[in-house]
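I opened this notebook to keep track of what I looked up, one topic at a time. My topics are the empty spaces inside, the aromatic rings and the charged side chains.

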Amino acid sequence: MNLITGATGLLGSHIAEKLVAAGAPVRALVRETSDTRFLESLGVELVRGDITDRDSLDNATAGATTVYHAAARVGDWGPWSEFVSHTIDGTRNMLDASTKAGVGRFLFVSSISSYGHRNQKGLVIDEEQPIGLELKKWSYYSRAKVAAETLARAAHDRGELQVTFAKPSWLYGERDNASLPRIIRNIRKGMAKLPGGGDNPLNLTYAGNEAEGCILAATKECAVGQIYNFASDGEITLGQYFNKVAECLGEKPVTKKLPYSVAYNAAFLMECFGHLFRTKNPPLITRYSLWIMARETFFSSEKARRELGWVSTVGYDEGIERSVKWCVDNGVV
């Protein structure tokens, strides 16, 4: 039995889809308010609970042989307390429940951002790098991932669970209700700009490819205790990504550019304003989102390709076309 947390999210839903297609039994931990229609269409077993409620997790983990822990507080805005309760305490709860249930393998979905927000032209980061370097003051998502990853590593080192660490990059795909719809709306309105000029190498991954990597990491014996960056499907720049989206929409190419320093300073001021007045909605741009889009540092996926045999089965042209079509057809833009 494969248990997935975060199964209604972008990556989790693709993991569920891939496992079901392979004929594997799948169970999903879902909240009462979750939209479970896609999981129901797959025939996934649903168990109600919440990673923030330790007592609700025993039914979900009972009999599970592999756990894919993809649930977390996602995003670059919100109170620190929510990142603590969902990402840090939620991971602690899942580790405890999985240990109690005798789970065989535990895949912890972290993020390449847990390495820290380094931005150095030509720098390539692999899995040997330490985590938590050069994090910004309000980088709550990344800081929480560092703390949760540390908890998972400690559980593995104590011999309580066999943990593997998957580190996704910027994800897109069907059922993306966040970043891609925002890009589409900005392109349609003529508001899209390329911070830094758009010629930086982009760490971008199709969620279906990412899911295949996670399944390899959770099932191969050589992956126990290891970290894998599933961070790129090949070579693409920010400008190429935006313009592939524009092409799928039948819109004009994105040509407006914004110097990185101007964008960074604007993002910092917007963050200051937002935190000072405790705004609920995120700023137009944050330093984290700018780093995701326009950094010069690149994260290598060679270890996953070499040790796990991971390949990107869906290329950028096909993946972006599929994803844009899903957003349009499902009315999320």
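The entries below follow my look-ups in that order.

**Entry 1: cavities**

I noted at the outset that this is a predicted model. I began with empty space, and I reminded myself that rolling a probe the size of a water molecule over the atoms shows where such space is left. My search of the whole structure returned two cavities of 30 Å³ or more.

The largest cavity holds about 140 Å³ of space, and I listed 16 residues in its lining. Those that lie nearest its centre are Asp76, Trp138, Ser139, Tyr140 and Tyr288. I then asked which helix gives the most to this lining. The helix is α5, with three residues, while α5 (140–157), α9 (260–276) and α10 (287–294) each supply at least two. Sorting the lining by class, I wrote down six nonpolar, six polar and four charged residues.

For the second largest cavity I recorded about 30 Å³ of space. Asp76, Arg182, Pro282, Pro283, Leu284, Ile285, Thr286 and Ser289 line this second cavity, and by class they comprise four nonpolar, two polar and two charged residues. I marked Asp76 in my notes, since this residue is named for the lining of the largest cavity and again for that of the second largest.

**Entry 2: aromatic rings**

Next I turned to rings, bearing in mind that a pair of them is described by the distance of the centres and the angle of the planes. The whole structure gave me 16 aromatic pairs. One pair I looked up is that of Trp291 and Phe299, which is edge-to-face, with 6.1 Å from centre to centre and 75° between the planes. Are these two residues buried or exposed? Trp291 has a relative accessibility of 2%, so I counted this residue as buried, and Phe299 is buried as well because its value is 0%. Both belong to one aromatic cluster, together with Tyr115, Tyr141 and Tyr288.

I also checked where a charge sits over a ring. The charged end of Lys167 sits over the ring of Tyr115, 3.7 Å from its centre, and the charged end of Arg73 sits over the ring of Phe83, 4.8 Å from its centre.

**Entry 3: salt bridges**

My count of salt bridges came to 17, and I followed a few of them through the chain.

Lys167 came up again here, in a salt bridge with Glu149 at 3.1 Å from N to O. Glu149 lies in helix α5 and Lys167 in strand β7 (residues 162–168), so this pair ties together parts that are 18 residues apart in sequence. Both residues are buried.

Glu45 and Arg27 form another salt bridge, in which the closest N and O atoms are 3.3 Å apart. Here Glu45 is in strand β3 (residues 45–48) and Arg27 in strand β2 (residues 26–30), 18 residues apart. I noted that Glu45 is partly exposed at 34%, whereas Arg27, at 9%, counts as buried.

How many residues apart are Glu318 and Arg322? They are four apart, about one turn of helix α12 (residues 316–329), in which both lie. The closest N and O atoms of their salt bridge are 2.5 Å apart. Glu318 is partly exposed at 38%, and Arg322 is partly exposed at 34%.

Last, I recorded a network of salt bridges that links Arg54, Asp58, Asp96 and Lys100.

How values were computed
Residues are numbered from 1 along each chain as its sequence is written. This is a predicted model: local features need pLDDT of at least 70, side-chain atom pairs count only at pLDDT 80 or more; totals for chains, interfaces and linings use all residues. Side-chain values use heavy atoms; hydrogens and water are left out. On a 1 Å grid over the protein atoms alone, a cavity is a set of points where a 1.4 Å probe fits but cannot get out, and a pocket is an open set with protein on both sides within 12 Å along at least five of seven lines; lining residues have an atom within 4 Å of a point. Grid points are joined across faces, edges and corners, and a volume is the space filled by probe spheres set on the points. Ala, Val, Leu, Ile, Met, Phe, Trp, Tyr, Cys and Pro count as nonpolar, Asp, Glu, Lys and Arg as charged, and the others, Gly among them, as polar. Rings of Phe, Tyr and Trp (its six-membered ring) pair if their centres lie within 6.5 Å; planes under 30 degrees apart count as stacked, over 60 as edge-to-face and the rest as tilted. Buried means under 20% relative accessible area, exposed over 50%, partly exposed in between (1.4 Å probe, protein chains only). A charge sits over a ring if NZ of Lys or CZ of Arg is within 6 Å of the ring centre and within 35 degrees of the ring normal. A salt bridge is a side-chain nitrogen of Lys or Arg within 4 Å of a carboxyl oxygen of Asp or Glu.
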